[in-house]
Amino acid sequence: METRVAKSAGFCWGVKRAVNIAVDAVRKNGKVYCLGELIHNKREIERLKKLGIVFIEDIDVLKKGNTVIIRSHGVSPKVIEFLKRKGLQIVDATCPFVKDVHEKVMKLEKEGYPVLILGNPKHPEVIGIAGHVKSPMIMNTIEEIERLPKLSKLGVVCQTTLNMDFFREAVFRLALKVKELKVYNTICSATSIRQSEAKKLALQVDVMLIVGGRNSSNTTKLYQISKSVNSKSYHIESKEEIDSLWFENAQIIGITAGASTPQWVIEEVVNYVRLLDKGGDISGRGVCQTIR
Ligand code: F3S
């Protein structure tokens, strides 16, 4: 049995940066707070908790002088204002690519375009982007776009982890409805590379494992993309969820992972699959890397 691991599997640049910023902050300050989970991966969160990072959902528990980390998803200016008023020390780990989306929606609003954000309205990144303009629309399905009336102007951005196929379809439909349409493709290249590699790999292998938190939207999207071309695709959070029956008659196993999945979790999965096939050849080709 051969195991192929997607080159792009695991932490993206922005997540790596946020984790490093948080670890540096905890080293300097002893204890730091983070608004929500720093990354959508339970096991990495457990590791960070042990280092002294306290994850909170309620801002009110913070007291003057506390250090608080803004995670890579970013927040709205209102939240920053509130934290400043409370006298907190802010460590901003917002991904620069997300900051760029903040700039773009503000620019669109200034230019007089009603703003549409394509993405999940409940996702913290989308909530943060929306908080930078007065009354944005947020849409997550083609049906919602179809229900839009004809418009004279519209400015569009999207969640950095949006599915590229959905983005294409959405922009195509919008172009039929809007006279003056200004679109920024704000899908992060880390996302589009991961998605196209996942699709290519899923087409080459018998079984695909997609490793990452079930609460991670980018991992879930990788799983959906993989499943659409390879029915034997499985979303797992850890090696413990692997069922050896999945590999019956399989020759090639593909593995990819979301942008919030640490390398050590991926390696555990690769090593476990290797163990299942003692003496098997673990090699990489094409879009893949070799883990030895
Ligand atoms: Fe940033 Fe892209 Fe990762 S937006 S957090 S580098 S997926």
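The ligand sits in the largest pocket of this predicted model. A pocket here is an open set of points on a 1 Å grid over the protein atoms alone, where a 1.4 Å probe fits, with protein on both sides within 12 Å along at least five of seven lines; a molecule sits in it if more than half of its atoms lie within 2 Å of its grid points. Residues are numbered from 1 along each chain as its sequence is written, and side-chain values use heavy atoms, without hydrogens and water. Local features need pLDDT of at least 70 and side-chain atom pairs pLDDT 80 or more, while totals for chains, interfaces and linings use all residues.

Around the ligand stand C12, G14, C95, F97, T160, C188 and T191, where a residue is near if one of its heavy atoms lies within 4 Å. This shell holds 4 nonpolar, 3 polar and no charged residues; Cys and Phe count as nonpolar, and Gly is placed among the polar ones.

One open sheet has 4 strands in the order β3-β2-β4-β5, with parallel pairing. Strands are DSSP runs of E with at least two residues, helices are runs of H or I with at least four, and both are numbered from the N terminus; two strands pair if DSSP finds at least two bridges between them. β3 (53-56) and β5 (89-92) each have a single partner strand, so one side of each is left without a neighbour in the sheet. Within this sheet, β2 (residues 32-35) and β4 (residues 67-70) are joined in parallel by 2 bridges, and Y33 has V68 in β4 as its bridge partner.

A further open sheet of 4 strands follows the order β7-β6-β8-β9, again with parallel pairing. Its edge strands are β7 (137-139) and β9 (178-183). Strand β8 (residues 151-158) runs parallel to β9 and is joined to it by 5 bridges, and K153 stands opposite E180 in β9.

Two helices lie across β6, β8 and β9. Helix α4 (residues 96-110) runs at about 170° to β8, and helix α7 (residues 164-175) at about 150° to β9. Such angles run from 0 to 180 degrees between N-to-C directions, with axes fitted to C-alpha atoms, for helices over the stretch in contact, that is, with heavy atoms within 4.5 Å.

Key:
1 Å grid on protein atoms, 1.4 Å probe; cavity = no way out; pocket = protein on both sides within 12 Å on 5 of 7 lines; lining within 4 Å.
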